Amino acid sequence: MGTASGDDGDRGSPRHRKVPIGAAIVALVPGLLLRLSTPHLPHPLEALLFGLSIVGAAFILAWAAEVAQLDISAGAAIAVLAFIAVLPEYAVDLIFAWKGGNAVEEFGASCLPPGTTGESPCSLALANMTGANRLLIGVGWSMVVFVAWTRWRAKRMPDREIELERSRQVELSFLVVASLYSLTLPLKRTVSLLDAVILVGIFVAYTVRISRAPAEEPHLIGPAGTIGLLPEGRRRATVAIMFLGAGAIILLCAEPFAEALVESGKDAGISEFLLVQWLAPLASETPELLVAGLYAWRLNTDNGLGTLVSSKVNQWTLLVGTLPIVFAIASGSLDGLPILARQREEILLTAAQSVFALAILANLKMSVREAWALFGLFWAQFVLGAVLPKSAHGAELVAVSVVYLVLAAGLLVKNRHRLAPLMRDGLRAPYERLLADR
């Protein structure tokens, strides 16, 4: 297929670029050793060690996925790499969805043994999914703008908006379809197999669409750039080992990590829901966020924000769509993954945030002010939740959801003349036309 050099802005020596690879390997070893042995450690320490292993493995998986683009066809790369991109989140969510299916089969719709309290595996599956999706936009998308703004200031360049290339309309148009459909989920009692068919179908259509993009030399930076410079045979062998090793470690550590998080919450009197919703996604999202931040630091903002937009499409379609499938297999039924009252509000907030973020990008631009809006509203739920009485918890989710949707409506009215071209070009226009204005 080809060879690649590291990014021109990646000026560290090859030895220095190997340091992150060594750090990732060091991070994953303690959790792996713990998984293969049976020591009894405090649950928070177990969660930390298994979480570090998942972070280290996720970095290795991300670097391998970047380099693999040199050796596999565009169509195959899109399908395989999309799954790899969500594997760390999927591994943890799969555990909860599977446990939820087993619990429903044994205990019924409550997902809990009679007389017990706490969060059910069903609710924790949705907690992890909603946290990962909201973190990606509220922290990730806004971070790219903040990092680029900092660099513009450091270089004494005039402030500007982040601007995506016209070809990014493809990702945005499919994300619009998925996000609009997701607004129906809070109205349901389950995420059903029909929802799975529709969401996975959107992902398949998206995969087919982007597989028609002309092949381009991948833009490798950091450790991926170093691995990409290896001779072809060594590079392919290295990538294969990285894929297999990192994937196996993630699958080995996902279940004990999830269990340790839940038990840590019980031991400390902290909500297991919150730990699973935010700490687990933070571990699995770290590599993507750092890669996007590195692109933004080099002022390659299209790749920085575009990478996270693509990841959002994968999470909002493939990840969400597979959860009810796993649940149905585990429960031995055709039932969907139950949505309880609190999870309904969480899904509403996640969908509303997605709609607002898309309304911002309707003109393919994001300003610093808009990034602050995304970032501020992401944190608003925590601030409101802290000041509201316990009896009113959940109201903050609905309130922030309404704010998201009202602001989105205002932006969509303002940019209404851009919506039809965005959807038409994103869903149908030949890539040659979308890339013509580069």
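Start with helix H13, which gives the most to the lining of the largest cavity, with three residues. The model is predicted, and residues are numbered from 1 along the chain as its sequence is written.

**Stop 1: the cavity**

Select 368-387 to show H13, then add H12 (341-360) and H14 (395-414); each of these helices supplies at least two residues of the lining of the largest cavity. Next, show side chains for Arg-134, Leu-349, Gln-353, Leu-377, Phe-378, Gln-381, Val-400 and Tyr-404, the residues that line this cavity. Colour them by class: five are nonpolar, two polar and one charged. The space in the largest cavity is about 30 Å³. How many cavities of 30 Å³ or more does a search of the whole structure find? The search finds one.

**Stop 2: the second largest pocket**

Now move to the second largest pocket, with a volume of about 400 Å³. Select Leu-274, Arg-342, Gly-385, His-393 and Glu-396: of the 15 residues that line this pocket, these are the closest to its centre. To see the elements around the pocket, keep H12, H13 and H14 on display and add helix H10 (272-297); these four elements give two or more residues to the lining. Which element has the largest share of this lining? H13 does, with four residues. Colour this lining by class as well: four residues are nonpolar, six polar and five charged.

**Last view**

Leave H13 selected to finish. This helix supplies three residues to the lining of the largest cavity and four to that of the second largest pocket.

Methods: This is a predicted model: local features need pLDDT of at least 70, side-chain atom pairs count only at pLDDT 80 or more; totals for chains, interfaces and linings use all residues. Side-chain values use heavy atoms; hydrogens and water are left out. On a 1 Å grid over the protein atoms alone, a cavity is a set of points where a 1.4 Å probe fits but cannot get out, and a pocket is an open set with protein on both sides within 12 Å along at least five of seven lines; lining residues have an atom within 4 Å of a point. Grid points are joined across faces, edges and corners, and a volume is the space filled by probe spheres set on the points. Ala, Val, Leu, Ile, Met, Phe, Trp, Tyr, Cys and Pro count as nonpolar, Asp, Glu, Lys and Arg as charged, and the others, Gly among them, as polar.
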